[in-house]
Amino acid sequence: MPRPQQKLKYIDLFAGCGGLSLGLHNSHAWKGIFAIERSPDAFTTLSHNLVDKVAHFDWPEWLKKTNHDIKDVLRKHYSELSGLKGEVDLVAGGPPCQGFSFAGRRREDDERNSLIHSYLDFIELVEPKMILFENVKGFKLGFRKEDRSRGIPYSEVVLERLRQLGYGDAQAHIIDFSKFGVPQERKRCIIFATKRGNSAEFFDRLDREAAEFLKSKGLKSRQ
């Protein structure tokens, strides 16, 4: 008998209720290592659906199965995270979007914006083979200054740091998820990066395979 294909391993940061992890689980190609989410309510939902029901995560003994602040995890488990180097195929997720969203107050001094640095510190420690970062489309637009000019977009800050960390192919694109069956115009900034130099292929495949994906779900293209 052929051996079952080994699943790819990932970590979900700022995981929320687990929507992204659910998608990876449903693909049957991925196995979670653990997820980090600060909100107790959101983590309870994630845990109910993806830990208790289907055991989607191979949760490490050194990390309690509860909600965590990423800053605490970085501080308390520095050595354990460093020990994961070479074992993680993907780190997925994205820091809170409220400070960047046009639907809210969009404030550069929103303290949650600084969590992108915790995300990048995590990447530096773990060194995953691939990175999938998601945020609102405002993440790719700089904040207004007093002279009405715009500052450097936070997306560029992330891309520059990723390239310094060895992810030289890091790219950021605005993706309209309504083209993939989401029943609303939902545009998001997606950053994808690898250590192998093929992130462009990721975005090309999204375009190439969108029609076939919609067909497989019984949906019509908006094009």
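The legends below accompany an overall view and several close-ups of a predicted model.

**Figure 1. Overall fold of the predicted protein model.** The protein contains 7 helices and 6 strands. Along the sequence, these elements follow the order β-α-β-α-α-α-β-α-β-α-β-β-α. Of the 223 residues, 43% are buried. Contacts between residues at least 6 apart in sequence include 66% that join residues at least 24 apart. The accessible surface of the protein is about 12900 Å², and carbon and sulfur atoms account for 48% of this area.

**Figure 2. Strand 3 (residues 90-93), covered on both faces.** In a regular strand, side chains alternate between the two faces of the sheet. On one side of strand 3 lie Leu90 and Ala92, and on the other lie Val91 and Gly93. These four residues are all buried, so each falls under 20% relative accessible area.

**Figure 3. Pairing of strand 3 with strand 1 (residues 8-13).** The two strands run parallel and are joined by 4 bridges. Isoleucine 11 has valine 91 of strand 3 as its bridge partner. Valine 91 is also among the buried residues of strand 3, on the side that holds Gly93.

**Figure 4. Pairing of strand 3 with strand 4 (residues 130-136).** Here too the sense is parallel, with 4 bridges between the strands. Leucine 132 of strand 4 stands opposite alanine 92. Alanine 92 is buried and shares its side of strand 3 with Leu90.

**Figure 5. Surroundings of histidine 56, in the loop between helix 2 (40-52) and helix 3 (70-76).** Histidine 56 has a relative accessible area of 2%, and it counts as buried because this value is under 20%. Apart from neighbours within four places in sequence, histidine 56 contacts Tyr10, Ser21, His25, Trp30, Lys31, Gly32 and Leu50. Of these partners, Tyr10 falls within the residue range of strand 1 (residues 8-13), and Leu50 within that of helix 2 (40-52).

**Figure 6. Surroundings of arginine 163 in helix 6 (residues 154-164).** The relative accessibility of arginine 163 is 37%; this lies between the 20% and 50% limits, so the residue counts as partly exposed. Outside its neighbours within four places in sequence, arginine 163 is in contact with Gly168 and Ala170. Threonine 194 is 31 residues away from arginine 163 along the chain, and the C-alpha atoms of the two residues are 9.8 Å apart.

How values were computed: Residues are numbered from 1 along each chain as its sequence is written. This is a predicted model: local features need pLDDT of at least 70, side-chain atom pairs count only at pLDDT 80 or more; totals for chains, interfaces and linings use all residues. Side-chain values use heavy atoms; hydrogens and water are left out. Buried means under 20% relative accessible area, exposed over 50%, partly exposed in between (1.4 Å probe, protein chains only). Two strands pair if DSSP finds at least two bridges between them. Contact means heavy atoms within 4.5 Å. Accessible areas come from the Shrake-Rupley method with a 1.4 Å probe; for residues, only the protein chains shown count as cover.
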